[in-house]
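Work through the exercises below with the sequence and coordinates open. Each task is followed by a solution in steps.

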Amino acid sequence: SLYLYQNQFLPKDQVSISPDDRGYYFGDGIYEVFRVYNGVLFEPEGHYRRLEKSAREVRIPLPYNIERMHQYLVELIQANHIQEGTVYLQITRGTAPRSHPFPPLDTEPVLMAYCNQIARPLSTMEQGITAITADDIRWLKCDLKTLNLLANVMAKQEALVQGAGEVILHRKGTVTECSSSNFMIVKKGEILTHPANNLILHGITREVVFRLARKLDIVYHERAFTIEDLHSAEEAFISGTTVEITPVISVNGRAVGQGNPGPVTRKLQQAFEQLVN
Ligand code: PDD
């Protein structure tokens with residue numbers, strides 16, 4: 001498969017990342033994961049806007065502008081003949097001997113992108129997944145999509161060890177989001193999800209869910225809720241680029257609602273389906 005590396009297309013084995021890359025030493029970089037449906041990038045503007053924000057806030061200069069980046073990603077998808085899949089893009093602060101301060105100003109950021117042909121997660125979207133809860137021990141800039149994912153990785157692994165599909169993170173009982181997706185519950189027919197502040201990633205799929213909810217006349221609130229609220233919710237689901245809208249049918253071994261994907265979740269899934277088909 002072909003990779004985009006800086007401004008070249010190369011086979012994977014010709015992409016050589018230095019051991020001095022600051023992404024490798026410090027997780028000093030940012031990334032995005034895009035979905036491709038029918039050979040076309042899904043919601044690219046939202047991803048680019050978020051990438052620009054992450055870049056600005058961690059002060060990594062983008063190596064080229066968004067128009068050029070978009071052209072490269074379109075070319076990458078075509079060169080790899082991707083119909084259904086994802087594009088991963090990351091940019092690190094560049095290569096320099098290990099030292100905490102930013103490297104010299106003329107250090108070039110390192111950009112790398114590749115795509116994967118991946119089927120949509122049809123069976124988990126149909127059946128739902130189980131989840132556990134865990135303390136959200138991440139830093140206070142979770143709205144930036146940075147490479148520092150150790151807390152997310154540790155939490156996700158704990159879910160897998162316990163036979164669950166995702167982990168719902170909370171700060172002192174207030175639910176934030178999941179290890180690699182946003183989290184929403186349904187109470188009295190209305191959607192609740194954590195506000196888009198510094199404690200969660202402002203998911204592109206989360207925004208799509210809001211758009212669909214407005215279209216379907218489903219009320220939603222960007223309002224923090226607790227684990228207790230979750231335990232008395234009628235429905236719960238996660239949203240994300242790779243998981244789309246996936247029902248959560250139990251949490252810590254306790255059924256959510258009737259223990260089946262609920263009607264509000266189903267309506268949103270059906271509306272999402274129309275967007276991507
Ligand atoms: N994760 N929250 C976190 C912590 C995430 O890592 C992600 C996405 C989301 C959902 O955002 P979006 O709808 O824009 O995909 C929420 C990507 C897919 C990943 O790290 O692989």
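**Exercise 1. Pairing of two strands**

In which sense do β3 and β5 pair, and over how many bridges?

Solution. The coordinates are those of a predicted model. Strands β3 and β5 pair in the antiparallel sense, and the pairing runs over 8 bridges. As an example of a bridge partner, take Glu32: its partner in β5 is Leu89.

**Exercise 2. Strand order and edges**

Determine the order of the strands in the open sheet, and explain why β2 and β4 each have one side without a neighbour.

Solution. Step one is the order: the sheet has 6 strands, arranged β2-β1-β6-β5-β3-β4, with antiparallel pairing. Step two is the edges: β2 (8-11) and β4 (40-41) each have a single partner strand, so one side of each has no neighbour in the sheet. Step three is the helix on the sheet: α2 (residues 44-58) packs there and touches β3 (29-37), β4 and β5 (85-92). The direction of α2 makes about 175 degrees with that of β3.

**Exercise 3. Two pairings over 2 bridges**

Describe how β1 pairs with β6 and how β3 pairs with β4, and give a residue pair for each.

Solution. Begin with β1 (residues 2-5) and β6 (residues 110-117), which pair in the antiparallel sense over 2 bridges. Here Leu4 stands opposite Ala113 of β6. Then take β3 and β4, also antiparallel over 2 bridges; Val36 is opposite Leu41 in β4. The hairpin of β3 and β4 has 2 residues between the strands, and in this hairpin Asn38 takes a positive phi near 50 degrees.

**Exercise 4. Nonpolar cores**

Which members of the largest nonpolar core touch the most other members?

Solution. That core has 35 residues, and the members in question are Ala131, Val167, Ile168, Met184, Ile185, Ala236 and Val248. Next, look at Val248 alone, leaving aside neighbours within four places in sequence: Val248 is in contact with Gly128, Ile129, Ala131, Ala236, Phe237, Ile238 and Val256. Finally, there is a second, separate core of 21 residues, including Leu4, Phe42, Leu73 and Met112.

**Exercise 5. Exposure of one residue**

Why does Glu207 count as partly exposed?

Solution. First locate Glu207: it lies in helix α6 (residues 204-215). Then count neighbours: Glu207 has 15 C-beta neighbours inside 10 Å, and therefore counts as partly exposed. The cut-offs are 20 or more for buried and 12 or fewer for exposed. As a last step, compare sequence and space: Glu207 and Ser239 are 32 residues apart along the chain, and their C-alpha atoms are separated by 9.5 Å.

Methods. Residues numbered from 1 in each chain as written. Predicted model: local features only at pLDDT ≥ 70, side-chain atom pairs only at ≥ 80, totals over all residues. Core = buried A, V, L, I, M, F, W, Y, C linked by C-beta atoms within 7 Å. Contact = placed C-beta atoms within 7 Å. Helix = DSSP H or I, 4+ residues; strand = E, 2+ residues; numbered from the N terminus. Pairing = 2+ DSSP bridges. Axes fitted to C-alpha atoms, helices over the stretch in contact; angles between N-to-C directions.
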